[in-house]
Amino acid sequence: MPELPEVETWRQLAERSAVGAVIEQVHSADDRKIFDQNHPSSVSRKLKGRTIVATHRIGKHFWMKLDSGDDLYIHFGMTGSLHVLDPEEEAPSHIKLDLMLSNGSRMVYRNMRRIGKVRLVPDITVIPPVSTLGPDPLEQGIALKDLQECLMVRKGTIKGILLDQNVFAGVGNWIADEVLYQAKLSPHRTGTSLSPSDVKRLRTCLMRILNKAVAVDADSSKFPKTWLFHHRWGKKAEQDARGDAIQFDQVGGRTTAWVPARQL
DNA sequence: CTCAGTGTTCAGTG
DNA sequence: TCACTGAACACTGA
């Protein structure tokens with residue numbers, strides 16, 4: 001579920017509700033799969049008493065800078081989420097990191113299926129996976145010329161390229177499908193097969209979709225009715241908003257929803 | 001009971 | 001060395 005728009009929405013939530021606050025109490029779950037590099041108790045000890053001074057995001061990767069200089073890095077994986085609760089509000093289940101802040105808010109990181117990470121390091125930007133990420137389309141932008149040069153030499157499918165975080169940071173499965181649908185490109189097309197106008201259309205659609213999704217706080221019920229998103233879920237999704245048939249193929253290692261009648 | 005599905009990493013292949 | 005593919009990971013819900 002979490003792709004760039006959701007993570008950006010959570011970053012904004014953290015920005016307005018946690019920056020400037022002191023972490024007064026910490027509870028880290030005893031989960032060495034989530035806390036894979038620092039022991040959970042070590043994370044708790046190092047977080048307590050620290051002030052959150054900034055929030056950052058590249059692609060789907062999120063972190064908060066502390067006044068100690070360390071970065072608290074959170075990856076949401078497939079089922080992670082970030083919540084800010086009122087003091088009396090009931091907490092959700094599967095909480096992995098629980099922070100009581102000096103402003104009275106309680107910020108929790110939840111992850112049901114345990115594919116996700118919490119790390120505490122001096123500078124997350126200089127180590128993988130963050131250091132190898134491609135440009136974030138919203139933060140750094142994507143230069144058309146760079147994109148064309150990049151795609152010209154790619155032998156793999158465009159779907160696979162869109163999912164490569166070292167090309168575009170933040171595009172996941174449904175956004176890749178949405179971009180290809182709106183750009184009228186088959187997911188099976190290779191990078192080398194794209195014309196300059198194809199690449200331009202691809203870039204325009206990518207930017208439009210990301211900007212719109214972030215503008216509505218990643219609330220999918222507010223996505224435009226014409227998007228494939230609303231029709232692609234469930235094994236027996238049959239047709240898009242125009243009544244054209246949706247086909248499901250395995251492309252780039254993932255289930256890909258597309259409309260052959262509209263995508264060449 | 002089986003299996004798809006989320007994102008990333010890693011092993012294997014070319 | 002690099003580009004690419006496919007499996008593995010943990011778990012829920014269909």
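## Close-ups of a protein with DNA strand B

**View 1. The surface near DNA strand B is a mix of residue classes.** The residues here divide into six nonpolar, seven polar and four charged. Keep in mind as you look around that this is a predicted model. In total, 17 residues surround DNA strand B, and the ones that come nearest are His75, Met78, Arg113, Arg254 and Thr255. Which part of the strand faces them? Of the DNA strand B atoms that come within 4 Å of the protein, 55% belong to sugar and phosphate.

**View 2. Three side chains meet phosphate oxygens of DNA strand B.** Zoom in on threonine 255: an N or O atom of its side chain sits 2.5 Å from a phosphate oxygen of the strand. Thr255 is also one of the residues that come nearest to DNA strand B. Now find histidine 61, where a side-chain N or O atom is 3.4 Å from a phosphate oxygen of DNA strand B. The third one to look for is glutamate 3, with a polar side-chain atom 3.2 Å from a phosphate oxygen of DNA strand B.

**View 3. Chain A is split into two domains.** Domain 1 runs over residues 4-132, and domain 2 covers 144-258. How far apart are the C-alpha centres of domain 1 and domain 2? The answer is 29 Å. The two do touch: 10 residues of domain 1 are in contact with 13 residues of domain 2.

**View 4. Here is the place where domain 1 and domain 2 touch.** Together they bury about 920 Å², and carbon and sulfur atoms supply 64% of that area. On the domain 1 side, the residues that lose the most area to domain 2 are Leu4, Pro5 and Lys60, which together make up 48% of what that side buries. What about polar links between the domains? There are zero salt bridges between domain 1 and domain 2, but three residue pairs are in polar contact across the interface. Helix α1, residues 4-18, gives the most to the domain 1 side, with six residues. Sorted by class, that side of domain 1 has three nonpolar, four polar and three charged residues.

**View 5. Helix α1 carries a salt bridge of its own.** Glutamate 15 pairs up with arginine 11, and their closest N and O atoms are 3.8 Å apart. Why can these two face each other? Glutamate 15 and arginine 11 are four residues apart in helix α1, so about one helical turn separates them. The structure as a whole holds 18 salt bridges.

**View 6. Two loops have backbone oddities worth a look.** First stop: the bond between proline 128 and proline 129 is a cis peptide bond, with omega at about 5°. You'll find proline 129 in the loop between β8 (117-121) and α3 (144-152). Next stop: lysine 184, in the loop between α5 (173-182) and α6 (196-215). This residue has a positive phi of about 60°, even though it isn't a glycine.

Conventions:
Residues are numbered from 1 along each chain as its sequence is written. Chains are lettered from A and ligands numbered from 1 in the order in which they are written. This is a predicted model: local features need pLDDT of at least 70, side-chain atom pairs count only at pLDDT 80 or more; totals for chains, interfaces and linings use all residues. Side-chain values use heavy atoms; hydrogens and water are left out. Domain bounds come from an automatic or database domain assignment. Contact means heavy atoms within 4.5 Å. Buried area is the accessible area (1.4 Å probe) that two parts lose on being put together, summed over both. A salt bridge is a side-chain nitrogen of Lys or Arg within 4 Å of a carboxyl oxygen of Asp or Glu. A polar contact is a pair of N or O atoms within 3.5 Å; within protein, one must be able to donate a hydrogen and the other to accept it, and residues adjacent in sequence count only if both atoms are side-chain atoms. Ala, Val, Leu, Ile, Met, Phe, Trp, Tyr, Cys and Pro count as nonpolar, Asp, Glu, Lys and Arg as charged, and the others, Gly among them, as polar. A residue is near a molecule or strand if one of its heavy atoms lies within 4 Å of it.
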